[in-house]
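Hi there,

Here is the structure I promised to pass on. Have a look at it first, and my notes follow underneath.

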Amino acid sequence: MKMNKTLLSTAVAVGLLSTSTVTQAAGFQLAEYSATGLGRAYAGEAAMADGADAQWRNPAMLTYLEGTQVSVGAIYVDPNIDIDGTSTTPRGTTSSNSSDFAHSAVIPNFYVSHKYNDKFALGFAAGTNYGMETDLGTDFGGANHGNEASVKTMELNLNAAYQVLESVSIGGGFRYIMAEGSFGAVSTANSLAPLPQGTALKYMEGDDAAWGWQVGTAWQINESNRLGFTYKSEVDLTLEGHAEGLAFNYVANKIGGPVKSKYNGSMALALPATAELASFHQLTDKVAVHASVNWTNWSSFKELVADIPEFGPARTQDIKEENWEDNYRFAIGTTYQISPKLALRSGIAYDTSAVSDEHRTATIPETDRTWLSIGAGYQWSEQLTLDAGFTYILAKDAKMVEADTASAPFGGNFEGEVTGSIWLVGVQANYRF
C-alpha cells in the first residue's frame with residue numbers, strides 16, 4: 001500500500017518503518033524504541049544514558065554521551081491475540097471467533113549523537129511511536145463493525161541538548177512523522193441485508209506527514225541519583241486518500257450524486273501528547289534501580305469523521321465513536337553489573353488500558369498489560385557494546401460489545417472477549433567513536 005491512510009474506523013494511528021503489529025503500549029502506541037531498554041521493561045528511560053538511543057525518550061540525555069555514538073537495532077514482536085464471542089441478529093445467535101489475528105513485525109531503529117563541546121550536543125533519530133495491524137478475516141461474525149486495520153509510521157527526529165548548570169541539562173527537538181493506514185468492514189454470513197459474505201461495506205486508506213516537537217530535562221541530584229522529564233507534543237494529521245464501499249455509495253445515492261468505485265476524502269487525526277517522569281539510582285557499584293511513570297493523552301481520541309468534499313453538505317460522515325481515556329504506565333527495573341564487561345537487566349511494568357469495555361473494539365483489542373522483562377549488555381570492546389532484551393507481555397482478558405445501529409443490519413451486534421499475550425525479543429549495537 002503506498003503511503004496511504006485516511007479515515008480509519010475502529011483502529012487508527014501509526015505504525016512503523018517496515019511492518020507493524022498489534023500495539024504493545026496503550027492504544028495504538030509502540031514503546032519499542034530500543035532493545036537496550038526492552039531488557040528493563042523501559043523503566044526509567046527519560047533518565048537513562050546507555051547510548052545514542054537515549055535521545056528518543058529524552059533529548060536532554062544527549063549531554064551525557066561522550067564523543068560521537070551510533071546505536072542501531074531491531075525488535076521482533078510476536079503477538080498471540082484471540083477473540084471469542086457471538087454475533088446476534090433477529091435470525092439468532094452465532095459463534096464469532098478469530099485466532100492469532102494480530103500480525104508479527106520487526107521494528108527497527110537508528111540513532112546518532114555527537115558531543116560538540118562540554119555543554120552542547122546534537123542528535124538524530126529514526127524510529128516509530130505508533131503502529132498496529134490486525135486482520136480478523138471476512139468470516140469473522142463481527143466483520144460488519146470492522147475486520148481489518150493497519151497503521152504504519154516512520155518518525156525522524158533532530159535533537160539538541162545543552163548543559164545549563166553543572167547538574168541540569170535541557171534538550172529539545174523537531175519530529176517529522178510520516179503515516180499511512182487503512183480500515184475495512186465487510187458484510188457477514190448472517191447479514192439481514194441480501195449481500196454476499198465479504199461484501200465491502202466501507203474501506204478507507206490514506207496518508208500524511210506532519211511536524212511535532214519534544215522537550216526534556218535532566219537533573220543530576222548527586223553522583224548516584226538522577227531525575228528526567230520529557231514531553232512530546234500532539235501531532236495533527238490530515239490523512240488524505242480514498243473511501244469505498246456500500247456505506248459511501250448509499251450517501252452518494254441519497255444526495256443524487258454519482259456512485260463511484262472510489263471517493264476522494266480525508267480524516268483529521270491527532271496523535272496524542274505524551275509525558276514521562278523517570279529516575280535513576282545507583283545503589284552500589286554493581287546495582288542500579290530505575291523507575292518511570294508515563295502518561296498519554298488518549299482522551300483526545302473521541303471520534304473518527306470522514307470528510308468527502310464531493311458529498312457537499314453531507315461531506316462529513318461519522319465513522320466511529322471512540323471515546324478513549326488517558327492512560328498511565330508504571331515501570332521499575334534494575335541493572336546489575338556482574339563484571340566490567342557484562343551487565344544484566346530486568347524490569348516489570350503495568351500499562352493501563354485507554355479503552356473501557358463499553359468502547360473496546362475487535363480491530364484494536366486494547367486492554368491492561370503486564371510486562372516481564374530481562375536483558376543483558378556486553379562490552380565487546382572499548383568502542384562496541386552489544387545488548388539484547390526479552391519481554392513477555394500478558395494481556396488482561398477483556399470484554400467488548402459492538403452494537404452500533406448503522407452496522408447491525410449487515411451482520412448484527414457483536415459481543416465477545418479478547419485474550420492473549422505478546423513475545424518480544426530485540427538486539428542493539430552501540431558504537432562509540
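To start with a small puzzle: which residue in β8 does Phe-183 stand opposite? The residue facing Phe-183 there is Met-204. Before you read on, please keep in mind that this is a predicted model.

**The whole protein**

The protein holds two helices and 20 strands. Its radius of gyration is 23 Å, close to the 22 Å that the globule rule gives for 433 residues, so the protein is as compact as a globular protein of that length. The C-alpha trace spans about 70 × 40 × 30 Å along the principal axes. Of the 433 residues, 55% count as buried. If you look at contacts with a separation of 6 or more, 73% of them are accounted for by residues 24 or more positions apart.

As for the surface, the accessible area comes to about 16900 Å², and carbon and sulfur atoms contribute 59% of that. On the charge side, there are 27 positive and 47 negative side chains. The centres of these two sets lie 3 Å apart.

**Strand β7 and its partners**

The Phe-183 and Met-204 pair from the opening belongs to the pairing of β7 with strand β8 (residues 200–222). These two strands run antiparallel and share 19 bridges. Strand β6 (residues 148–165) also pairs with β7 in the antiparallel sense, here over 17 bridges. Within that pairing, Asn-157 has Arg-175 of β7 as its bridge partner. The link from β6 to β7 is a hairpin of two residues.

How many of the 19 residues of β7 are buried? The count is 14, so β7 is largely enclosed by the rest of the structure.

**A closer look at Ser-169**

One residue of β7 (residues 168–186) that I would like to point out is Ser-169. Is Ser-169 buried or exposed? Its relative accessible area is 3%, and since under 20% counts as buried, Ser-169 is buried. Not counting residues up to four places away in sequence, Ser-169 touches Ala-60, Thr-63, Tyr-64, Tyr-162, Gln-163, Val-164, Gly-216, Thr-217 and Ala-218. Thr-217 in that list is 48 residues from Ser-169 along the chain, yet their C-alpha atoms are separated by 5.6 Å.

**Glu-45, a buried residue in a loop**

Glu-45 sits in the loop between α1 (35–38) and β1 (68–89). With a relative accessibility of 0%, Glu-45 counts as buried. What does Glu-45 contact, leaving aside its neighbours within four places in sequence? Its contacts are Tyr-33, Gly-37, Arg-40, Arg-57, Glu-276 and Ala-278.

**Strands β10, β11 and β14**

Further along the chain, strand β10 (residues 235–244) and strand β11 (residues 263–271) run antiparallel and are joined by nine bridges. In this pairing, Val-235 stands opposite Leu-271 of β11. β11 also pairs with strand β14 (residues 303–307), again in the antiparallel sense, over two bridges. There, Met-267 has Ala-306 of β14 opposite.

If you are turning the model around on screen, a general point may help with the strands: in a regular strand, side chains alternate between the two faces of the sheet.

Happy browsing, and do send me your thoughts when you have had a look.

Best wishes

Definitions and conventions: Residues are numbered from 1 along each chain as its sequence is written. This is a predicted model: local features need pLDDT of at least 70, side-chain atom pairs count only at pLDDT 80 or more; totals for chains, interfaces and linings use all residues. Side-chain values use heavy atoms; hydrogens and water are left out. Two strands pair if DSSP finds at least two bridges between them. Helices (H or I, at least four residues) and strands (E, at least two) are DSSP runs, numbered from the N terminus. The radius of gyration is taken over C-alpha atoms; the globule rule is 2.2 Å times the number of residues to the power 0.38. Buried means under 20% relative accessible area, exposed over 50%, partly exposed in between (1.4 Å probe, protein chains only). Contact means heavy atoms within 4.5 Å. Accessible areas come from the Shrake-Rupley method with a 1.4 Å probe; for residues, only the protein chains shown count as cover. Lys and Arg count as positive and Asp and Glu as negative; His and the chain ends are not counted. The place of a charge is taken as NZ of Lys, CZ of Arg, CG of Asp or CD of Glu.
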